[in-house]
There are 2 protein chains.
Amino acid sequence: MVDAPEFDEEFRRRLRDLFAWRRDVRRFRRDPVPEGTLDRLLSLACGAPSVGLSQPWRFVTVDEPGRRAAVRDLFTDCNRAALAVYAGERARLYATLKLAGLGEAPLQFAAFAERDTAQGHGLGRQTMPEAAEYSVVTAIHTLWLAARADGLGLGWVSILDPARVVDILDVPRSWLFIGYFCLGYPQSEDTVPELERADWERRRPAADFILRR
Amino acid sequence: MVDAPEFDEEFRRRLRDLFAWRRDVRRFRRDPVPEGTLDRLLSLACGAPSVGLSQPWRFVTVDEPGRRAAVRDLFTDCNRAALAVYAGERARLYATLKLAGLGEAPLQFAAFAERDTAQGHGLGRQTMPEAAEYSVVTAIHTLWLAARADGLGLGWVSILDPARVVDILDVPRSWLFIGYFCLGYPQSEDTVPELERADWERRRPAADFILRR
């Protein structure tokens with residue numbers, strides 16, 4: 001047994017910095033990342049909280065050039081379809097956005113949720129089976145923060161058809177696709193989201209999102 | 001413009017400590033938490049990453065004794081139904097578990113996702129509308145870590161019927177219930193999940209969850 005650590009104000013200040021400088025990165029440098037980085041980060045991710053201790057996350061590291069190209073092509077198709085929904089100035093702006101770093105990011109992986117895992121014996125999942133997916137997201141977010149503390153950026157790609165990702169990566173059909181991720185050194189760093197810098201959207205204050213009961 | 005911070009090995013070590021000591025807490029002390037704590041933590045949460053910068057999180061702080069009691073009763077009902085699914089030794093063990101701190105936690109709130117928010121103009125949500133829920137989970141996990149750095153514990157309650165929570169808290173029916181949360185000082189601290197200490201389940205190594213493609 002070791003004593004629980006005391007986190008001091010200096011640590012909390014740096015943690016707030018980490019939250020503030022953690023961005024969704026779409027512009028990566030092509031420099032390689034040190035050997036073992038992704039496994040180390042995935043290991044941290046697997047220590048995330050999970051419903052009923054079910055650890056429902058399933059990670060797939062993607063290195064094979066053919067599979068990476070297939071994901072890139074799928075993104076291109078889905079993004080073209082997404083663009084078609086917009087009109088006028090909004091469509092013009094959408095077309096200028098860089099929404100994924102699939103061509104450059106040195107490390108890539110996908111995350112899935114296994115709702116039906118026996119691990120955890122179903123605890124906490126009867127009224128809300130979707131808690132499995134939420135557990136996977138806490139694992140991804142853990143990795144995201146740890147990566148940023150290493151100077152690495154993560155980009156979450158959701159403009160993909162989940163069923164086609166399952167096919168491309170040849171994983172069990174019971175796995176629910178959560179997201180595809182690009183990881184590498186970012187070209188630049190900022191506290192302002194790229195979508196805000198591009199005038200797509202702006203952040204609203206917390207008070208807009210809180211009700212009192 | 002300020003320069004991006006450099007996070008050093010000492011910070012990364014403390015961040016790993018934070019991940020390791022962040023637990024899902026069900027046993028709270030009744031001490032009050034300093035005024036303003038929850039608003040400060042929710043403010044940090046609202047800086048989390050979100051799909052298309054949509055900030056789809058909706059938080060409801062719950063202070064009214066009647067609503068708290070209704071959530072507690074709902075949990076009791078849902079937990080009784082959950083227990084009925086188990087048999088034998090597993091049922092006996094389930095019945096011994098303390099799965100929520102609803103009676104003691106000084107601060108309580110719920111989180112919802114608004115899939116149909118206009119904010120973000122739908123970016124990133126066409127093929128995966130569930131990305132809205134995942135954004136809410138990154139906000140919750142941000143709050144969870146910040147709370148732990150303050151010495152506070154968070155407990156995520158998922159053994160609730162989502163439709164009935166929407167009614168009890170009187171929120172728009174378009175809001176998707178993500179979870180109900182208890183916040184306060186934990187009775188004890190540990191790096192081992194309570195469900196592992198209670199012999200309900202044990203954590204598996206990361207290698208069990210990683211495929212290579």
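## A residue that reaches across

B:Arg213 touches A:Val60, A:Thr61, A:Val62, A:Glu64, A:Arg67, A:Leu169 and A:Asp170, leaving out residues up to four places away in sequence. This arginine lies in the segment after E5 of chain B. Is B:Arg213 buried, exposed or partly exposed? A residue needs 20 or more other C-beta atoms within 10 Å to be buried. B:Arg213 has 17 C-beta neighbours inside 10 Å, so it counts as partly exposed. The model described here is a predicted one.

## A sheet built from two chains

Strand E5 of chain B belongs to an open sheet of five strands. The order is E3(A)-E4(A)-E2(A)-E1(A)-E5(B), and the pairing is mixed. Which strands stand at the edges? They are E3 (153–157) of chain A and E5 (210–212) of chain B. Each has a single partner strand, so one side of each has no neighbour in the sheet. From one strand to the next, the twist averages 25 degrees.

Helix H2 (residues 37–45) of chain A packs on this sheet. H2 touches strands E1 (57–61), E2 (107–114) and E4 of chain A, together with E5 of chain B. The direction of H2 makes about 175 degrees with that of E1(A).

## The two edges

At one edge, E1(A) and E5(B) run parallel and are joined by three bridges. Here A:Phe59 stands opposite B:Ile210.

At the other edge, E3(A) pairs with E4 (residues 175–184) of chain A. This pairing is antiparallel and has five bridges. A:Trp156 stands opposite A:Phe181, and the bridge partner of A:Leu154 is A:Leu183.

Why is E3(A) described as largely enclosed by the rest of the structure? Five of its five residues are buried, so the description fits. A:Gly153, A:Gly155 and A:Val157 point one way from the strand. A:Leu154 and A:Trp156 point the other way.

## The nonpolar core

The largest nonpolar core has 124 residues. Those with the most contacts inside this core are A:Ala110, A:Val157, B:Ala110 and B:Val157.

What does A:Ala110 contact, leaving aside its neighbours within four places in sequence? Its contacts are A:Val60, A:Val62, A:Val165, A:Leu169, A:Phe177 and A:Tyr180.

## Where the chains meet

In the interface, 75 residues of chain A are in contact with 76 residues of chain B. Several elements of chain A give two or more residues to its side, including H2, E1, helix H3 (65–83), helix H5 (131–149) and strand E5 (210–212). Which element gives the most? Helix H1(A) does, with ten residues. By class, the side of chain A that touches chain B has 42 nonpolar, 15 polar and 18 charged residues.

## Two matching copies

A rotation of 180 degrees superposes chain A on chain B, with 0.0 Å of shift along the axis. The RMSD is 0.0 Å. The two copies are thus related as by a two-fold rotation axis.

The interface fits into this picture too. Of the interface residues of chain A, 100% are also interface residues in chain B, so the copies meet through the same surface.

Terms used:
Residues are numbered from 1 along each chain as its sequence is written. Chains are lettered from A and ligands numbered from 1 in the order in which they are written. This is a predicted model: local features need pLDDT of at least 70, side-chain atom pairs count only at pLDDT 80 or more; totals for chains, interfaces and linings use all residues. Two strands pair if DSSP finds at least two bridges between them. Helices (H or I, at least four residues) and strands (E, at least two) are DSSP runs, numbered from the N terminus. Axes are lines fitted to C-alpha atoms, for helices over the stretch in contact, and angles run from 0 to 180 degrees between N-to-C directions. Two residues are in contact if their C-beta atoms, placed from the backbone, lie within 7 Å. Ala, Val, Leu, Ile, Met, Phe, Trp, Tyr, Cys and Pro count as nonpolar, Asp, Glu, Lys and Arg as charged, and the others, Gly among them, as polar. A nonpolar core is a set of buried Ala, Val, Leu, Ile, Met, Phe, Trp, Tyr and Cys residues joined through C-beta atoms within 7 Å. A residue is buried if 20 or more other C-beta atoms lie within 10 Å of its own, exposed if 12 or fewer, and partly exposed in between; C-beta atoms are placed from the backbone. Copies are superposed by least squares on the C-alpha atoms of residues with pLDDT of at least 70 in both.
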